[in-house]
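Let's take a walk through this complex together, from the overall picture down to a single side chain and back out to a helix pair. Have a look at the sequence and the model before reading on.

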Amino acid sequence: MLILTATGIAILAVMALALARALKADTVYDRILGVNMFGTKTSLFIAVIGFLGGRPDFLDIAIVYALINFIGMIAVLRFFEYTATDDALKINSTKQEQL
Amino acid sequence: MSFIVDYYNYWIVVFLMMAGFYIVISANNLVKKIVGLNIFQTSVFMLYISIGNVSGGSAPIVADGITRYSNPLPHVLILTAIVVGVATTSVGLALIVRIKRAYGTVEENEFEDKDDLI
Amino acid sequence: MFEQHSPVLPIILPLIAAPICILLGRSQLAWLFATFISALGFGISIGLMLTTLDQGVLSYSLGGWEPPWGIEVRVDAASALVLCVVTGISSLVLVYAKESIAKEIDSSQHTLYYTAHLLCLAGLSGILSTGDAFNLFVFLEISSLATYTLVSLASDKRCLTAAFRYLIMGTIGATFILIGVGMMYMKTGTLNMLDLAARISEYDSSRTLNTGLAFILVGVSIKLALFPLHMWLPPAYTHAPSAVSAFLASTATKVAVYVMVRFIFTIYGAEYVFHTMGMDTILLVLAIVAIFKCSFMATVQSNVKTVLAYSSVAQIGYMILGISLVSTLGLTAGLLHIFNHALMKGALFMAVGAVLLRTGSVDIKAFQGLGKQMPLTMAAFTIAGLSIIGVPLTAGFVSKWYLVTAALEQQEWTVAFLVLAGSLLAIIYVGRILEAAYFKNPAEGTTYKEAPLLMLIPLWILVFANIYFGIDTSMSVGAADTAAQWLTQPSSSPATALSVNMGGATQ
Amino acid sequence: MILESISTILLILGAFFSLTGAIGLFRFPDFFTRVHAASVTDSIATILIIFGLILRTDFDLVTVKLLLILVFLLFTSPTASHALAKSARHGGLLTLPEIRATKKEDCSS
Amino acid sequence: MTELIDLVLLGMLAITALRIIFLKDLFAVVMLFGIYSFLSALIFVNLDAVDVAFTEASVGAGISTVLMLGTLALTGRKEKTNNHTTFLPLLVVVITGAALIYGTLDMPPFGDPDNPAQQHVAPRYIQDSPQEIGLPNMVTSVLASYRGFDTLGETAVVFAAAIGVLSLLGLPKHEKAAIESGLKSHLVLRVVAKLIVPLTLLFALYVQFHGDYGPGGGFQAGVIAAAAIILYALVFGLPMATHVIQPTLLKALAAIGVLIYAGTGFASFFLGGNFLDYNVLASDPVAGQHIGIILIELGVGVTVFAAMLSIFYAFAGQAERANIQ
C-alpha cells in the first residue's frame, strides 16, 4: 500500500513538472511535449489510484486517456501541417542570439 | 480549521468557475470565449460531483465488500450536462468558422466597428 | 388509447418527428409533416387545457417511476395555457414558413429548418410540461440549440454574429440555472419541483438557497431578455429569418417568463422570494426601466424588425411587472399578457415578413405607400399594432386593463400611471410605421403585389384572434385566472394522477 | 510475497525513471534532446509501472486491461514523440550543435 | 488520501486556468484546455464519478479539443491584444464570485454522508436499483431508466447540435479524386494508426455493451467509435474516411438513433405502460428493464457516433477546402 502511495505521489510530481513545462514553454514543440507527457502519466496515475482505492476494474478510463491523448497529439500535428511553422525559425534565431 | 476542510473544495471550484466566466466575458477572440465557456461549465460539473461525493465511499457500481457508495444522481446529471456542453461548443465553433468567412475576423472589437451590430 | 398519455405527447411528438423529417429528405414532405405534427400538438394542447381546467393538474410519471425518483410531467393550467400558445403559434408559423423561407433561406436547408423548428418546439413544450428542475434545463438546452440554428439560417451575414452573441449569453444563462439547481439539490436532495417546494419550505432562510434562487433568476432573466440582460435579443430577432422571428418572439421569451413564474411561485413560493428575499422591488424597477428604455429605443430605430424586437423587450417588462405586483390579479395579468402578446407579436412579425418577401427590405422606408399596395398585409399590421398599443376591442387592451387594475388593487398609483405612459411610447413607434405605410407615397415606379395566400391566412387568423380575445375575454382570462390561483395557492389546485400503474386513467 | 517484493522494486524503478524524464524535460539544452529524455524514460517507466501493477493483480480481466494499456501506451507514446520530433525537424527547428555551426558560419562569412 | 489528491489536482487546475486567461497564443490556449479537461476528469475519478470521468475525457479532452484545433486552423492562431477595459468584466466576476462564496458558507460540508443530497432520493438508487433494474452500475440504471427522459433529451441535444453544424457548415462532398491530405510523410504513424483504429473500434463495442456492469455506456461508446474514425481521417485524410463512412449515411444514422430511443418509449405505450416504462417489454420486469436499457443505449450510441463524426466531417471539410484555396 505504502509503495503504491509513493508511486502515486511520484507520478503526480511528474505530472506537475510536465504541466509546468506545458504552461511555460519556450517553443511550441516543448509545449506539445509537455502535454503529451502529461497525458501518458495521467493514464498511469489512474491505473495506480485504481489500485489504491481497491477498485482496479476501472482501468477502462486509463485506456481512454491513452487513446484520447494519442488522438489529441495527432490532431495537433495535423494542425501544424496547415499553419506555417515560423515559430521554429524564430526560435532558432533567438537561440542563436543567446549563444 | 474544520471550516476550511469542509469547504476548501467548493471555494476552489468557485474560483475556477469565475476564471472561466471571466474569460467568456472579457476575451476578445471568439474561440477564446468558447474555451472560457467550456472552463466555466466544466467547473460547474465539478461542483455537482463534489455534492455527490461521500468520504470513504466508492464508485456507484456494485462490488463485493463495499458498503458505502457515492451518490449516483449527480453523476447522471453531469453526464447529461457534459453532452449539452459539447453540443453547444460545436455549434459555437461552427458559427465562428462562418463568421470568419463572412467578416474576415474573429476578434469581437473588429467586426463591431465594421458593422452596425446593434 | 393515447388519452392517458396526452400530457407527454406534445413533447415527444415533435421530438420524434424531427429525425423523421431528416429521413424524409424532401422539403415539401418535411413541411407537410412538420405542420401536421405541430397541428396535432396544438389539438392535444387544447384538449389538455380543457381537461386541466375541468379536472385539475395532470401528472404523468415517465418510465412508470413515481416522482421524485423518476421524472414527472406535470400539466397545470399555467403550463396548458402557454402550451396552447406555443403549439398554436408554431402551427401557424409553419404554414406561413413555406412561402416565407423560400426567399430567405437557401433551398438546400429547408428540411434542416423544419427539423430545427420541430426540435425547438419539442424543447419548449418540454420546458412547459416537465415537473423536474433538471429536466427543465435539458429541454431549455434543446430549444436553445435549435434556436441558435434557426437564427443563423438567414442569408444576411449579420445573423451569424447575432446567433453567436445569443449562444454565448444563452449558455451563460443556462449555466447559471444549472448552478442554481445544483444549490437547491445540495440543500434538499431532490429535483422534483413539488418535492423541492415542500423541502424548501422547511428552511426559513438559507444562504445557499438564496444564492441558488439568485442564480436561477439571473439565468432566466438572460433567457427572457429582462432589461439589462436583453442585449442579445434585438440583433437576433432583427437578423433571423422572418418566420423564425415570428416564432421566437411569440414563444421563446414567453416560455422563459413561464420558467420564472414556475421557479418563483411553485418551487420557492412567493412568500420566500418576495418577503424573505425582497425580489419584488428589484423586478418591479427593472420591469419599469425595461418598458421605458426599450420603448424609447423602439421609437428611434429605422429597421422595422428592430423596432418590433425592442418592443418585445418592453412588453416583457409588462409581464414581469405583473409578476412583481405579488398578487393573484397581478399574476393573472402577467399570464394574460403572455397569451395576448404572443398573438400580437406573431402577427406583426408575420406581416413584416410578408413585406420583406415582396419589397426585399424591412427598413421603414420600404413601408412607404404599402397601405395601398399590400392592403391586406398592412391592415393586419395595423390591427396588431393597435393591439400592442392597447386600443380597446383588441387583446392588448385586455392585458393592459388587468395590469392597471392589479396595480390599483395594490394601491400602486405610480405603477398604474407608468403602464399607461408606456402605451404612449407604443403609439409613437407603431405610429411611425403606420404613417409611412398610409400617408407617404411610395418611391417612384415601384409596385408590389399582395403577399401570397399561404402567408395571409395564418396572419389573419392571428389578427382575428387578437380581436376575438379583445372582445370575448372569458376563455383567455378564465384560464389565466385559474392558472394564477393555482400558482399562488398551490393547495387550491386539484390534482389527478395520470398513471397506468396506479390505475388512474381519466376516462 | 516474492511477487510483491518484485512489484515493489519495479514500481520504485518506474517512479525513478519517470522523475528523471521529467527533470530532463527542464535540464536538457535543446528540443531534440528533451524529446529524447522524455520519450525514452516514458516508455521504460510505463513498462515498469504496469508490470509492477500486474504482479499485484489476481491475473484476471484486470491483468488483461493493464496489458492493453501497456500496448496502447507503447504504441502511441513513442509514435507521438517520433511524429512530434519529425514535425519539429520539418518545421525547421535546429539542434543545438547545428545552431552553433550556423552561428560560426555567420561569423566567418 | 482522496482529499490530498483532490487538493493537488485542484491546485493544478487553478494554475492552468490562470495561465489560460493571460495566454495570447490560442493554440496554446486550446492545448491547455485539453489539459484542464484531463485534470477535471482526474478529479472526477478521484471523487468516484468514473462514468463522468470517462465522458469528460473522451468529450472534453478529445472531441472538443479536436474541433477547437480545426477551428483555429481556419481562423488563425493569435489573439490580438484588446484595448477593451477589463474593469467591467472583472467587476461582474467579482460580484458573481462573492455571491457564490456567500452561498457556500451555508452549504453542507464536503463529503459528509449525512448531507441532504445523500439522504432523500439517492438511497433508493443505491439500495434498490440493483434489484429493480438488475444492473450493477447504478449510474446506468438511473441514466437509462429512472431518468431515461433526461437521456432522451440529451440524445435530442446531440441531434440538434448535428443539425446546427450541418446547416452552418454543410457536409463535405464525397469526392474520390481527392487532393493530397493526411499525414503523408509520417510512415510510422500510418502503420501504428492502422493498428490502433480497429483496436479502438473493438474497445468502443466493449464499452457499449459493458456499460451495464462497469463505467461506460452508449454515449461513451459512440464518442470512442467516432474518435477512431476521426483518428483515421486525421492520419489518412478526410476523403479516405468519407469513402469508408459516407456523410449522408451519418445524417440518416443520427436520425435513426433518436428514433430507436423514442421508438422504445412508444413500444411501452403499446404494451400498456407509461412512456419509457421498460417493465412491460418482457414478462419479467427485470428482463424488460434489461431489454429496454440495451435498446436505448444502442440508440444513444448510434446517434452520438453519427452526430460527433458528422460534426467532425463538417469542420474537416471546411479546413480541407481552405487548404485547397
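What follows goes from confidence and chain contacts to chain E, chain A and chain C.

A bit of bookkeeping comes first: residues are numbered from 1 along each chain as its sequence is written, while chains are lettered from A and ligands numbered from 1 in the order in which they are written. This is a predicted model, in which local features need pLDDT of at least 70, side-chain atom pairs count only at pLDDT 80 or more, and totals for chains, interfaces and linings use all residues.

How sure is the predictor? What ipTM and pTM does the predictor give the complex? The values are an ipTM of 0.93 and a pTM of 0.94. For chain E, the mean pLDDT (the predictor's confidence in each residue, from 0 to 100) is 87, and 94% of the residues reach 70 or more. As a general caution, where pLDDT is low, the predicted coordinates should not be read in detail.

Now for who touches whom. Two residues are in contact if their C-beta atoms, placed from the backbone, lie within 7 Å. There are 7 pairs of chains in contact, and of these, chains B and E share the most contacts. Not every pair meets, though: chains A and C have no contact, with their closest C-alpha atoms 24 Å apart. Chains B and D have no contact either, and their closest C-alpha atoms lie 14 Å apart.

Let's stay with B and E. Here 84 residues of chain E are in contact with 69 residues of chain B. On the chain E side, helix H3 (residues 50–75) gives the most, with 15 residues. Helices (H or I, at least four residues) and strands (E, at least two) are DSSP runs, numbered from the N terminus. By class, that side of chain E has 55 nonpolar, 20 polar and 9 charged residues. Here Ala, Val, Leu, Ile, Met, Phe, Trp, Tyr, Cys and Pro count as nonpolar, Asp, Glu, Lys and Arg as charged, and the others, Gly among them, as polar.

Chain E itself has 13 helices and 0 strands. The C-alpha trace of chain E spans about 60 × 50 × 35 Å along its principal axes. Of its 325 residues, 64% count as buried, meaning that 20 or more other C-beta atoms, placed from the backbone, lie within 10 Å of a residue's own (exposed is 12 or fewer, partly exposed in between). Among the contacts in chain E with a separation of 6 or more, 72% are between residues 24 or more positions apart.

Zoom in on helix H7 of chain E, residues 138–146, where Val142(E) is found. In H7(E), 9 of the 9 residues are buried, so the helix is largely enclosed by the rest of the structure. Is Val142(E) buried or exposed? Val142(E) counts as buried because it has 30 C-beta neighbours inside 10 Å. Leaving aside neighbours within four places in sequence, Val142(E) is in contact with Pro72(B), Leu73(B) and Val76(B), as well as Tyr125(E), Ser129(E) and Arg147(E). Val197(E), by contrast, sits 55 residues from Val142(E) along the chain, with 32 Å separating the two C-alpha atoms.

Chain A makes a brief stop: it has 4 helices and 0 strands. Of its 99 residues, 66% are buried. Residues 24 or more positions apart account for 51% of the chain A contacts with a separation of 6 or more.

Last comes chain C. It meets chain B through 27 residues in contact with 27 residues of chain B. Helices H5 (133–151), H6 (158–188) and H9 (233–239) of chain C each supply at least two residues of that side, and the largest share, 15 residues, comes from H6(C). The class split on this side of chain C is 16 nonpolar, 8 polar and 3 charged.

Within chain C, look at helix H14 (residues 328–359) and helix H19 (residues 453–471). The axes of these two helices, H14(C) and H19(C), come within 9 Å and cross at roughly 150°, with axes being lines fitted to C-alpha atoms, for helices over the stretch in contact, and angles running from 0 to 180 degrees between N-to-C directions. That makes H14(C) roughly antiparallel to H19(C), a label for angles over 145 degrees (under 35 is roughly parallel, 65 to 115 roughly perpendicular and the rest oblique). The contact is made by residues including Leu343(C), Ala347(C) and Ala351(C) of H14(C) and Leu459(C), Leu462(C) and Phe469(C) of H19(C). Its residues divide into 13 nonpolar, 3 polar and no charged.
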